[in-house]
Amino acid sequence: MSLDLLQLDQIQEARRQIEICNACRYCEGFCSVFPAMTRQKAFADGDITHLANLCHNCRGCYYSCQYTEPHEFALNLPAALAEVRVASWERLIQPQAVARLFHAQGVAMAGLLIALLAGFFWALAALKPDAGDGFYAYLAHNTMVALFVPAFVTPLALIGFGLRSYWREVGAGPLRMAAVWAGLHDAARLKNLSGGQGQGCNFEEGDRYSDRRRIHHQLMMYGFLLCFASTSTATVMHYGLNWPAPYPWWAPPKLLGVPGGVMMTIGAIGLGWLKTKADPALGAARVWGGEMAFILLLGLVASTGLALYLATGTGLVGPLLALHLACVMTLFLLMPFSKMVHGFFRLTALIAEANTKAQTKAAPKA
Ligand code: HEM
Ligand code: SF4
Ligand code: SF4
């Protein structure tokens, strides 16, 4: 995938800063970026892309650095890496134009899609199938499956192709299973947002440490995984055990989905609030709106799901179901173009890093 002029400039600026850091090495223990950097003296474009995706934007290196403005080196490594990172997602996932549009007009794009899809689901419900209980009295199970499976699998396939290009671009070599476990372990703890010694990151407090971002992120990530597990369990119960919804409160889909929705809602409020407090100049400022749209979308998915649960048996179920399904489908359709890709790319970068380390260790010494 070729780089355009702006991307070449961004890579060149990140390379300039990385070369200074590689000579200084003061921030060596902060995160995985610095140990990865010190493996080499010259940096190809793929190496810069890899370092950018390893960076968790904790901002620790910016607040510790003696070479930030007004020093003539004008270092701002978190921002330089964030620009390259976002550009790499736009470049590696097709069609790029949709990602650029989402990053520029995220709230409008997500809002329009939600409104159109809610209208569509509302119209479908008006042709009531009367084919089941609970939600299925509004929308038949088979119709839901026929609509949601392609809306989920197609975006995942686009992301999969993008990750394959990433792996090739960064030259991570043949995959080792041990590297997969190591990458999953680091992602599960969000180790690189802990500031190296577990003291927290500098995202919203400037040169003071705080663990708020990591805590709210974990609520969001694990809440999302619980909601995903809830839907998967319900599918197995429907097809495998012939036990269709509605489910009582003690059934696995409810026991997983309700806490998951609460965790996601708290996570979205926290992450959105922290974003308004943090300095946009230490990230990719041009995608601030798109990132906020992503947080709002996740918050909407969770809160409309919880509202639907609370509205069971009332006349609000019809409109809330249309709104909730529209939010979920918008999240799925925009997955390759929104910040949702960060999880896939960061996990792949952590695995690629563990893979390269293992290869370097195994290589015979010259
Ligand atoms: C492999 C797993 C994941 C990793 C390693 C990861 C890592 C990160 C990191 C390092 C950040 C902060 C830096 C940044 O803003 O770019 C972040 C932000 C965020 N993540 Fe994740 N993430 C993962 C999965 C998820 C999942 C599954 C969700 C929810 C569906 C999620 C939702 C968010 C949100 C809402 C933000 C805040 C965005 C912002 O402030 O702009 N993440 N993630
Ligand atoms: S960010 Fe500044 S202090 Fe840290 S390694 Fe780079 S040049 Fe050195
Ligand atoms: S912002 Fe944090 S994660 Fe990124 S390079 Fe600096 S110290 Fe590492």
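A cavity, in what follows, is a set of grid points where a 1.4 Å probe fits but cannot get out, worked out over the protein atoms alone. I start there because two of the ligands are described in those terms. The model is a predicted one.

First, ligand 3. The space that ligand 3 takes up is the second largest cavity. Around ligand 3 we find F30, C31, V33 and F34, then C55, H56, N57, C58, R59 and C61, and finally P78. By class, that shell holds eight nonpolar residues, two polar and one charged.

One residue in that list deserves a second look, and that is R59. Its phi is positive, about 75°, although R59 is not a glycine. For background, most residues other than glycine have a negative phi. R59 lies in the loop between α3, residues 45-54, and α4.

Now ligand 2. Which cavity does ligand 2 take up? Its space is the largest cavity. The residues around ligand 2 include the cysteines C21, C24, C27, C61 and C65. The others are R25, Y26, F34, Q66, Y67 and L75. Nine residues of this shell are nonpolar, one is polar and one is charged. F34 and C61 appear in the list for ligand 2 and also in the list for ligand 3.

On to ligand 1, which takes up the second largest pocket. Four elements give two or more residues each to the shell around ligand 1: α9 (212-239), α10 (252-277), α11 (288-310) and α13 (341-362). The largest share is that of α9, with five residues. The shell has 20 residues, and the closest are R213, H217, K275, K339 and H342. Sorted by class, there are 11 nonpolar, four polar and five charged residues in the shell.

What coordinates the iron atom of ligand 1? From the protein, H217 and H342 do, each through NE2, at 2.0 Å. H217 sits in helix α9 and H342 in helix α13, so the pair links distant parts of the chain, 125 residues apart. Why is the arrangement called octahedral? There are six donor atoms around the iron, and the angles they subtend run from 87 to 179°, which makes it octahedral.

The polar contacts of ligand 1 involve these histidines too. A side-chain N or O atom of H217 is 2.7 Å from a nitrogen atom of ligand 1. For H342, a polar side-chain atom lies 2.8 Å from a nitrogen atom of the ligand. K275 has a polar side-chain atom 2.9 Å from an oxygen atom of ligand 1.

Last, the backbone. Most peptide bonds are trans. Where do we find cis peptide bonds here? One joins E69 and P70, with omega about 10°. P70 is in the loop between α4 (60-64) and α5 (77-92). Another joins Q94 and P95, with omega about -10°. P95 belongs to the loop between α5 and α6, the latter being residues 96-126.

To recap: ligand 2 is in the largest cavity, ligand 3 in the second largest cavity, and ligand 1 in the second largest pocket, with its iron coordinated by H217 and H342.

Terms used:
Residues numbered from 1 in each chain as written. Chains lettered and ligands numbered in written order. Predicted model: local features only at pLDDT ≥ 70, side-chain atom pairs only at ≥ 80, totals over all residues. Heavy atoms only, no water. Near = heavy atom within 4 Å. Polar contact = N/O pair within 3.5 Å; in protein donor to acceptor, adjacent residues only side chain to side chain. 1 Å grid on protein atoms, 1.4 Å probe; cavity = no way out; pocket = protein on both sides within 12 Å on 5 of 7 lines; lining within 4 Å. Sits in = over half its atoms within 2 Å of the grid points. Nonpolar A, V, L, I, M, F, W, Y, C, P; charged D, E, K, R; others polar. Donors = N, O, S within 2.8 Å, 3.2 Å for Na, K, Ca; no water. Tetrahedral: all angles 85-135°; square planar, octahedral: opposite > 155°, others 65-115°.
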